[in-house]
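Me: I would like to go through this structure and ask, term by term, what each label rests on. Please set the values against the cut-offs.

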Amino acid sequence: MLIGDGAARTVITGNESNRTLGTPCTATVSAQREGIIIRDVTIQNTAGPEAKQAVALLSNSNKSVFYRCQILGFQDTLLAENFLQFYKECEIAGTVDFIWGAATAVFQDCALLARRPGIMQQNVLTGQGRNGADSASGFTFQGCNVTTREDLRGVETYLGRPWQPYARVIFIHCYMDAIVHPLGWLSW
């Protein structure tokens, strides 16, 4: 378990980017063991929108739980790599594919915050990586808010695009701010 004193008070910061490392190696925090619980913590990667891929949290932890956490970055903020994962009352902020991976992940009552991307980029919330028709993986967002705290005039924001051929992303009872492009989804 990793328990902070509140997301505003306990902040873990990194700034590695994919300029020299593979994307997973940029993670500020890498959760690898089964049954990890992280709560009341901010995990951020401050590499910035021009730095390309820069992971704040990589979770490859089966049966992991993240509660009241802030996961902040730009491109590729949260890598929900594999296994079963649960996010409750978290704030996740980013730009391009900022929630991505091949996990079976449920996001409940979370704030998904689009940020101003780099030059000539658009925002894409999800890049899900389900690669087989029989795979159970996918992302489910229930009761979440898709919004921003920034001026995103001139920036297109989409719910997702398929990272693999059988990608699965579901939004249930979510609030979607006017920042979401009317098409909703992009092709890869």
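Me: What makes β10 and β13 a pair?
Reply: In this predicted model, β10 and strand β13 (residues 104–108) run parallel and are joined by 5 bridges. Pairing requires at least two bridges, so β10 and β13 count as paired. K88 stands opposite Q108 in β13.

Me: How do you know that β7 and β10 pair?
Reply: The test is again at least two bridges. Strand β7 (residues 64–67) and strand β10 (residues 84–88) are joined by 4 bridges and run parallel, so they pass as a pair. F66 has Y87 in β10 as its bridge partner.

Me: Which strands make up the open sheet, and in what order?
Reply: The open sheet has 7 strands in the order β1-β4-β7-β10-β13-β16-β19, with parallel pairing.

Me: Why are β1 and β19 called edge strands?
Reply: β1 (2–3) and β19 (169–172) each pair on one side only. A pair needs at least two bridges, so the label rests on where such pairing is found for β1 and β19.

Me: Why is T157 called buried?
Reply: The relative accessible area of T157 is 0%. Buried means under 20%, so T157 meets the criterion. T157 is found in strand β18 (residues 157–162).

Me: What makes the pairing of the T157 and N123 side chains a polar contact?
Reply: The distance between the two side chains is given as 3.3 Å. The limit is a pair of N or O atoms within 3.5 Å, with one able to donate a hydrogen and the other to accept it. The value falls within that limit, so the term applies to T157 and N123.

Me: Which residues is T157 in contact with, leaving aside its neighbours within four places in sequence?
Reply: They are A114, N123, L125, L152, I179, V180 and H181. Contact here means heavy atoms within 4.5 Å.

Me: Why does D40 count as buried?
Reply: D40 has 10% relative accessibility, and the cut-off is under 20%, so D40 is buried. D40 lies in the loop between β4 (37–39) and β5 (42–45). Its phi is positive, about 60°, although D40 is not a glycine.

Me: Is D76 buried or exposed?
Reply: D76 is buried: its relative accessibility is 7%, against a cut-off of under 20%. D76 sits in the loop between β8 (70–72) and β9 (78–80). D76 also has a positive phi, about 65°, and is not a glycine.

Me: How many helices and strands does the chain have?
Reply: The chain has 0 helices and 20 strands.

Me: Why is the chain called as compact as a globular protein of that length?
Reply: Its radius of gyration is 15 Å, close to the 16 Å that the globule rule gives for 188 residues, so the description holds. The C-alpha atoms fill a box of roughly 40 × 35 × 35 Å along the principal axes. Of the 188 residues, 51% count as buried.

Me: What does the UniProt record place at residues 1–188?
Reply: The record, an unreviewed entry, places the feature "domain: Pectinesterase catalytic" there. Over residues 1–188 the chain is 0% helix and 41% strand, and the end C-alpha atoms are 37 Å apart.

How values were computed:
Residues are numbered from 1 along each chain as its sequence is written. This is a predicted model: local features need pLDDT of at least 70, side-chain atom pairs count only at pLDDT 80 or more; totals for chains, interfaces and linings use all residues. Side-chain values use heavy atoms; hydrogens and water are left out. Helices (H or I, at least four residues) and strands (E, at least two) are DSSP runs, numbered from the N terminus. Buried means under 20% relative accessible area, exposed over 50%, partly exposed in between (1.4 Å probe, protein chains only). UniProt positions are given in the numbering used here, feature names are shortened, and annotations may be inferred rather than shown by experiment. The radius of gyration is taken over C-alpha atoms; the globule rule is 2.2 Å times the number of residues to the power 0.38.
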